[in-house]
Amino acid sequence: MRKFFILSKVQLRALLTSFRVGGGRKRAFSGWTALLLMAGLCLYISGIYSFSLGGQLAAAGCLELLLLLMPTLAVMAGLMFTAFAAQGVVFGGKDADLLLSMPVGAFTVLLAKLMALYAENLVFCGFLVLPAGAAWLWFGGGGGVMFLARLAVGTLFLTLLPTVLSLAAGFLLSWLGGRAGNRKVINLLLYALLLVVVFFVIIQMNVGTGAIISGTMGGDPSGAWTGWGVPFLLFQRGVCGDWETLVMFCLLASVPVLAAAWLFARYYQAVLTGLHSHGKRPAYRLGRLRAAGRRKALLKKEAARYFGTPIYLFNTGIGLILMVLAGGAAAVMGRNLLDQVALAGLEGFPLLTLSAAAVGFLLATVAVTGSSISLEGRYLWILKESPVPAREALDAKAGFQLLLCGPCVLVCVGGLTFGLGLAVAEGAVLAAFGLAFALFTAPFGLAVNLLFPKLDAVNDMVVVKQSLAAVLSTFGGIGAALACTALVWGLSGLLGELAALGICTVLLLVGSFAAYRWLHTRGVERFGALL
């Protein structure tokens, strides 16, 4: 056990130092800071969602459904964000040969590596599930202190589910990537498939929940969790007072992790050797290259990295996908969208402010430039030594994000304008707000990345998901969206909703001008000083 605890401590420290910026004590500080920011985001999202949904479920007499929804969402979020982490930490770690050469069993090594995945998943599960427990007590679910104790124990074991699922997903990604001719394409397709499955499950749960709240679905509300959802049913019944069921859930969650660790440990060295082998690559052929301008070449370079790096694409592109889906769904639903707004308890809320908040929040998640510099890694010197001014290279990185956001904003705003019945002037100002917000977040994320670069990451996953620049650029965008919403809300009573949103748009344009001005002066100097 002593060896296991030592190795686990090393792996957890490696997880924290993967967030580091600079050296010395700043490494641990930046790691804890990024982890706390991630926990705060989960806490905020879950708190808003749990209390808004909990009131509706309590009124419908099925509050227990909240303790089925939030654990399910927590496990899916953990799986989405740690599948590539498992690929890198467990099956692609550079320290595997060193650890396996030590007088430590492979089973102990593998369990210690799983502790890093478990720690990251615990942030998602803990801070997504615990607010649901608070909402349960607030709306009269009962249980008191013992309920909180059961919820804490259940959450610790619930975290094992996304851990073992991400382990399986990481192995599949590594195995197929090592045998396919194009590893990036395989990773892209697998991660896209995972997202499709997750979105399908979320949509089904939302539809079922809406039907239950509206009274159009009878029977047992938990019937949708039969089969695949048995672990979540056991979790919900266990934390609500059934100790025997809670013990059964803990055992059910522990067995797959231990079994998977034992199975992989028996052949760990052989598995790593096989995964690091590569399939047959196509032969290289000489061909004629087409000439292109510098700006076009830089944009093509950014596009090749973005669409060729699955973790980069899906971690920063979910907001773009949701904007297109939201715009399309709003256009298809038409005036029925107002009924869905009323069903969600938002009837009477200013629609233009609500739309601006949704657009701003989705754009805040598209922090492409927050990782753009860091992903250059040790090849940054190529870009710096190329016959391209630093100012032009930075503009291309910010411009690429704008090219991604612009069409998606217009599709989303067009659908919302039609579905919510907004006036043409309101739709035009909403579109201007979305474009101004994108114009602000692109240089803002690039400035953050220049101030907190991470050029020594072991893989792209660390840069996109765990670097301080990626976290700060996302949180900064979310903070800007909240500030804009509060400003429009506060000024609406004095100037009107349309004028308030117009003023907010002008302020964003001023902020974007300041951000671009910084990039072209201090940002160029900072870029030149990077090593």
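**Close-ups of a buried charge network and a cavity**

**View 1. Glutamate 302 and lysine 397, a pair out of the solvent.** Both glutamate 302 and lysine 397 are buried. This is a predicted model, and in it the two side chains form a salt bridge, with 2.8 Å between the closest N and O atoms. The partners come from distant parts of the chain: glutamate 302 belongs to helix 12 (residues 294-308) and lysine 397 to helix 17 (residues 390-420), 95 residues apart.

**View 2. Glutamate 376 meets arginine 305.** Here's another salt bridge, 3.1 Å from N to O, between the side chains of glutamate 376 and arginine 305. Glutamate 376 sits in the loop between helix 15 and helix 16 (380-385), while arginine 305 is part of helix 12, so this contact ties together parts that lie 71 residues apart in sequence. Once again we're looking at buried partners: glutamate 376 and arginine 305 both fall in that class.

**View 3. Lysine 454 and aspartate 456, a pair with mixed exposure.** The closest N and O atoms of this salt bridge, between lysine 454 and aspartate 456, are 3.8 Å apart. Lysine 454 has a relative accessible area of just 3%, so it counts as buried. Aspartate 456 comes in at 45%, so it goes down as partly exposed.

**View 4. The salt-bridge network.** Zoom out a little and the pairs of the first views turn up again: Lys301, Glu302, Arg305, Glu376 and Lys397 are joined into one network by salt bridges that share partners. Over the model, the count of salt bridges comes to seven. As a rule, side chains of opposite charge can pair when their charged atoms come close.

**View 5. The cavity and the helices around it.** Searching the whole structure for cavities of 30 Å³ or more turns up one, with a volume of about 60 Å³. Three elements each give two or more residues to its lining: helix 15 (351-364), helix 18 (424-451) and helix 20 (468-495). Helix 18 gives the most, with three residues.

**View 6. Who lines the cavity.** Up close, the lining is made of Leu363, Ala364, Val366, Ala367, Thr369, Gln401, Thr441, Phe444, Gly445, Ser473 and Gly477. How many of the lining residues are nonpolar, polar or charged? The split is five nonpolar and six polar, with no charged residue. For anyone wondering how such a space gets found, rolling a probe the size of a water molecule over the atoms shows where empty space is left.

Notes:
Residues numbered from 1 in each chain as written. Predicted model: local features only at pLDDT ≥ 70, side-chain atom pairs only at ≥ 80, totals over all residues. Heavy atoms only, no water. 1 Å grid on protein atoms, 1.4 Å probe; cavity = no way out; pocket = protein on both sides within 12 Å on 5 of 7 lines; lining within 4 Å. Points joined across faces, edges and corners; volume = space filled by probe spheres on them. Helix = DSSP H or I, 4+ residues; strand = E, 2+ residues; numbered from the N terminus. Nonpolar A, V, L, I, M, F, W, Y, C, P; charged D, E, K, R; others polar. Salt bridge = Lys/Arg side-chain N within 4 Å of Asp/Glu carboxyl O. Buried < 20%, exposed > 50% of the residue type's maximum accessible area, 1.4 Å probe, protein only.
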